[in-house]
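Q: Please examine one part of this model closely: a single strand, its partners and one residue within it. State the cut-offs behind each term as it arises.

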Amino acid sequence: MVRRGLAACWLTLMCSGVALAQAPFPVQVRIVKLDNGLELVLAADPAATAIDVAVWYASGTRYERPGQVGIAHLFEHLMFRGSAKFGPQQHIRRVVAEGGTFGAFTTADYTCFHQTLPPEALRLSFELEADRMTGLRLTQAVLDAERVAVREERARRPEGAVGRGLQRLYGVAFADHPYRWPVLGYDADLEKLTLAQARDWYATYFGPRNAVVTVTGRFDAAEAEALARRILGPLAGGRAASAPAVRAGAPKPGRGTEVAETRLPLLLAGWRGPGRSDPDAALFPLLANALGRGPGARLERSLVHGDQELLSVEAELDARRDGSILYALAAVNEGADTAQVEGDLAAEVELLATEPLPDVELARAKAQAESGILYGWVASRGRAQALGTARMADGDAAAAARQLERIRACTAADLQRAAGKLLTPARRSFVWVHPTPASSGATGGRP
C-alpha cells in the first residue's frame, strides 16, 4: 500500500516556474534560486502536521586543507554560539519554546542545520537561520571554548575497533583525497587554528551563495517563497566554494593494519568507485544489499559456515560526491589463513562484475533498497534529508527521486555493468584490525 500510494504521486521540479523533470515523490517540489545565490527547495504537504526547515552548506571534509582538518565540524558547534540578533544558545531556546526539535551534522560533503517546528513558526525559523548565516559572532573566546567542546565530543565517542578500521580503510582507499581525513578532525590541527582562519572559513563557505534551504511539511509554497524572499533574499555573503585541495586520481590497491580492542581479528575489504554523479552510482546500493545486508545475503551464505574461517560478514556502501566505497566487514577466526580469507572474500565480491546476479537475488536487493527509500520519505524530516543530500552530494535535488526510478528499472545486466565500475582488483584495499594482547581471546560481546 505504501508503494502504491507514493508511486501515484509525481515530483514536479520547478526553477523560477519552469519544470525541470518528473519522477515519483510523495509531494510536489519547487526549486527557486534567489538573486543572492541561495537555493530554496520547497516540498509542501497539506497532510503533514509540522514543518522541517534545514540549511545545507557546502562545508565538509571535502573542502578542508592540510593543517585545518576538522574545521567544518567545528563550525557545526560555532553556529550555535550567537549571532547579530540572537545570543549564545538562543537559537536552541527559541526552537524548543515553540515545541520544536533541532539538530546539526557534518559529513564529508556538507554541513546541515535543521529544525522541525509547528507550521506557524516558519517565519521564526527563517529569521534564526538568516541571522547566523551572515551575522555569526566569532571571537577568540568562542573559538577556544568550542575547541574544547569538540575534544570532549571525541572523548565521548570512542571509535572502537570497527571505527578505527574504517578510518584506516578510508585513509588507504582515498590516500589522494580529503576523504581520507576524519570528519571530527585532528586535535593538533584544531589547536593551531587561528581566529583569522576561522573567520575566513565562515566568509567562504557560509552565506547565501553556498546555502541550500529545504522546507518540507505543512505550509503554502507560494507564501513560503515570498517569506524567504523577504527574509533570506536581502542577505549577502559567501564565496564560490572552492574545489577540494587535492582532486582524486585513479584508484589504486592499498593495504593497512590497525590494533584495537577486539575479541577476534577483523578484515575490512573496500572497493573505491566513482562518485554519486556517475550514471550507475544509483545502482551501487543494490550491490551492497546483494552482498551483505540481512539474512540470506550472498557473502554470509557463501562464506560463513561451521567449518569456514569467517564467523560473520556484512557489506555497506558509502556514496559521496567525489567517490564511493563499498566495503565488507568480516570477523575472522583466530589462526585463519589470512591470504586465503582475503582471496575468498575478494573473489565472491568481484564475481558480481563478471556474472549477472540471479533474478531472486536481484529482486531481494531491489526490494530492500526501494523500501528503505519509501519509508525514508514518509516524514517531513526524511523528505528533507533525501532532497538535501541529493542536492549537496549529487548536485541536483531531483536525484532523490531518480534513484528510485533507476532501482525499479534495474536489470541484471545493468547491475553487472555498475559492478564493473566498482568491484575490480585495481580498486580494492584491505585493512586488518588485530586484537590487542589484552583483548585477544577475551570472551563475551561483539568483535
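A: Two strands are said to pair if DSSP finds at least two bridges between them; strands (E, at least two residues), like helices (H or I, at least four), are DSSP runs numbered from the N terminus. The model is a predicted one, in which local features need pLDDT of at least 70 and side-chain atom pairs count only at pLDDT 80 or more, whereas totals for chains, interfaces and linings use all residues. Residues are numbered from 1 along each chain as its sequence is written, and side-chain values use heavy atoms, with hydrogens and water left out.

The strand chosen is E7, residues 111–117. Strand E5 (residues 51–57) pairs with E7 in the antiparallel sense over seven bridges, and here tryptophan 56 stands opposite cysteine 112. Strand E6 (residues 101–106) also runs antiparallel to E7, joined by six bridges; alanine 104 stands opposite phenylalanine 113. E6 and E7 form a hairpin, with four residues between them. Because six of its seven residues are buried, E7 is largely enclosed by the rest of the structure. Buried means under 20% relative accessible area, exposed over 50%, and partly exposed in between (1.4 Å probe, protein chains only).

Within E7 lies glutamine 115, which is buried at a relative accessible area of 1%. Its side chain makes polar contacts with the side chains of histidine 91, at 2.8 Å, and glutamate 129, at 2.9 Å. A polar contact is a pair of N or O atoms within 3.5 Å; within protein, one must be able to donate a hydrogen and the other to accept it, and residues adjacent in sequence count only if both atoms are side-chain atoms.
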